[in-house]
Amino acid sequence: AEEARLLRRNLLNEARLRGEQVAYLSQHEELNGAVGRDQLAWLRTRLQAAASSKQRVVVLAHASVRPEATFYGDAACWNSAEVSSLLDSFCDTVVAMIAGHDHHFGEARSEAGIYHRILEAAMEGEPGVPTHAVLELSETTIKLVGKGAVRSWEQVFTS
């Protein structure tokens, strides 16, 4: 909790230095949260294990770590640069990160080439219309088969 308060305070200070209205940040960006120290350590351990076993990884998270993939550029977790850097350090292992939170479609590639995708929110679909998705993984492909408000997509990556 203290770590989250410190990250939020830093976020607000950075926004003030950029001349942005802090009231807006406290109403929206504070909902993004952060990946805590224990979570980062756990993620690093899991990625190291996957790398040692020559496994490929798709990371699923609530909030994006790539602001440019978000609809307004502001729905990434507070320490997104740190988390994205960790993922990039395992770019031979991590092939994609899929997130939600923003409710809108978005995509980006990190500096290391990792694909980042934000899914549309199923709750934004038309009432009475089934909205869901199925993620299909193969050795060279990530495919999301969407229904209703969730778009289908496919990414091919090299092994």
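Tutor: A salt bridge is a side-chain nitrogen of Lys or Arg within 4 Å of a carboxyl oxygen of Asp or Glu. In this structure, R117 and E107 meet in one through their side chains, with 3.4 Å from N to O. The pair links distant parts of the chain, since R117 sits in strand β4 and E107 in strand β3, ten residues apart. Helices (DSSP runs of H or I, at least four residues) and strands (runs of E, at least two) are numbered from the N terminus.

Student: What should I know about the model before reading further?

Tutor: The model is predicted, and local features need pLDDT of at least 70, while side-chain atom pairs count only at pLDDT 80 or more, although totals for chains, interfaces and linings use all residues. Residues are numbered from 1 along each chain as its sequence is written, and side-chain values use heavy atoms, with hydrogens and water left out.

Student: Are R117 and E107 buried or exposed, or something in between?

Tutor: The words rest on relative accessible area, where buried means under 20%, exposed over 50% and partly exposed in between (1.4 Å probe, protein chains only). R117 counts as buried because its relative accessibility is 5%, whereas E107, at 40%, counts as partly exposed.

Student: How many salt bridges does the whole structure hold, and which residues join into one network?

Tutor: A search of the whole structure finds four salt bridges, and those that share partners join R66, E68 and E111 into one network. R66 pairs with E68, where the closest N and O atoms are 2.8 Å apart, and E111 pairs with R66, where the closest N and O atoms are 3.1 Å apart. E111 lies in the loop between β3 (106-109) and β4, and R66 in the loop between β1 and α4, so this pair ties together parts that are 45 residues apart in sequence. Within the network, R66 is buried with a relative accessible area of 9%, E68 is partly exposed at 45%, and E111 is exposed at 67%.

Student: How many aromatic pairs are there?

Tutor: Rings of Phe, Tyr and Trp (its six-membered ring) pair if their centres lie within 6.5 Å, and planes under 30 degrees apart count as stacked, over 60 as edge-to-face and the rest as tilted. By this rule the count comes to one aromatic pair. Y115 and W153 form this tilted pair, with 5.6 Å from centre to centre and 55 degrees between the planes. Y115 belongs to strand β4 (residues 115-118) and W153 to strand β7 (residues 153-156), so the pair ties together parts that are 38 residues apart in sequence. Y115 counts as buried at 4% relative accessibility, and W153 likewise counts as buried at 8%.

Student: Which elements make up the chain, and what do the buried residues of α4 pack against?

Tutor: The protein chain has four helices and seven strands, which follow the pattern α-α-α-β-α-β-β-β-β-β-β along the sequence. In α4, the buried residues are S80, V83, S84, L86, L87 and D88. These buried residues pack against α3 (37-52), β1, β2 (94-99) and β4, where contact means heavy atoms within 4.5 Å.

Student: What about the loop before α4, where A75 is found?

Tutor: A75 is in the loop between β1 (57-60) and α4 (80-88), and at 1% relative accessibility A75 counts as buried. The C-alpha atoms of A75 and G33 are separated by 9.6 Å, although these residues are 42 residues apart along the chain. For the whole protein chain, buried residues make up 39% of the 159 residues.
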